[in-house]
Amino acid sequence: MLRWLPNRWVLTRGVRRRRVLHLTFDDGPHPEHTPALLDLLAAHGARATFFLIGREAERHPNVVARILREGHAIGNHSWSHPQFERLDLAAQREEIERTDRLLQSFDGLPQHDFRPPRGVMPRPMVLDCVRRGRRIAYWSYDSLDYSQRSAEELIASARRHPPRAGEILLMHDDGGLSLRLLETMLPVWVGEGFAFEPLQAA
């Protein structure tokens, strides 16, 4: 169902008309891994979107402030990263709205793109987001950095299956694999002429 909804409701691809990639990171902010990623992104002039867990953003406000200060965007990844299919609609909505209230204190925006934990979006929640004008942000390229594969395997996979213009790359900043992957692949993608931009606002 989601693939048939327009981009103003469900985002699955980014800018296609230019050589742009959209790096996105879930599950942060993390006090160790996120700053290391920010250092790497800054070294390559890359800007990204960080889908933050509300309770982690509350614990690490200085990291969130740095994300925004360095030109990146933030999105909503729920308050506690629950299994959404086990919650009723009211509890799902509170997970999202509580996180938005916190994120607004950082960037002033009353509403943010929502990326559901584990990509699971029950149909009633989809319809509720559409009714409320909240965009759901998915991805088109999975780095698999959450899997049990080694960094070398992830790098080999990225070389075999390179992203195309407009891809939204799924990564995570609560561990070190995305950093190791990007240490190798960011210079490659820069050399291929890609720019790196946050997801555009709805």
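This short presentation covers one helix packing and the aromatic side chains of a predicted model.

Let me begin with the helices. Helix H6, residues 151-160, packs against helix H7, residues 177-191, at an angle of about 35 degrees. Their axes are 9 Å apart, and the crossing is right-handed. On the H6 side, the contact is made by Ala151, Glu152, Leu154, Ile155, Ala158 and Arg159. From H7, the residues in contact are Leu177, Arg180, Leu181, Thr184, Met185 and Val188. Sorted by class, this contact of H6 with H7 comprises eight nonpolar residues, one polar residue and three charged residues.

I turn now to the aromatic rings. How many aromatic pairs does a search of the whole structure find? The search finds three, and I shall describe two of them in detail.

One is formed by Phe84 and Phe114, a tilted pair at 5.7 Å centre to centre, with 35 degrees between the planes. Phe84 belongs to the loop between strand S4 (73-76) and helix H4 (89-107), while Phe114 belongs to the loop between H4 and helix H5 (123-132), so the pair ties together parts that are 30 residues apart in sequence. Both Phe84 and Phe114 are buried.

Another pair consists of Tyr138 and Trp139, which counts as tilted because the planes stand at 45 degrees, with ring centres 5.5 Å apart. Are these two residues buried or partly exposed? Tyr138, at 11% relative accessibility, counts as buried, whereas Trp139, at 24%, counts as partly exposed.

Finally, a charged residue and a ring: Arg19 lies over the face of Phe194, at 4.1 Å from the ring centre.

How values were computed: Residues numbered from 1 in each chain as written. Predicted model: local features only at pLDDT ≥ 70, side-chain atom pairs only at ≥ 80, totals over all residues. Heavy atoms only, no water. Axes fitted to C-alpha atoms, helices over the stretch in contact; angles between N-to-C directions. Helix = DSSP H or I, 4+ residues; strand = E, 2+ residues; numbered from the N terminus. Left-handed = near helix turned anticlockwise from the far one by under 90°. Contact = heavy atoms within 4.5 Å. Nonpolar A, V, L, I, M, F, W, Y, C, P; charged D, E, K, R; others polar. Phe/Tyr/Trp six-rings, centres within 6.5 Å; stacked < 30°, edge-to-face > 60°. Buried < 20%, exposed > 50% of the residue type's maximum accessible area, 1.4 Å probe, protein only. Lys NZ or Arg CZ within 6 Å of the ring centre and 35° of its normal.
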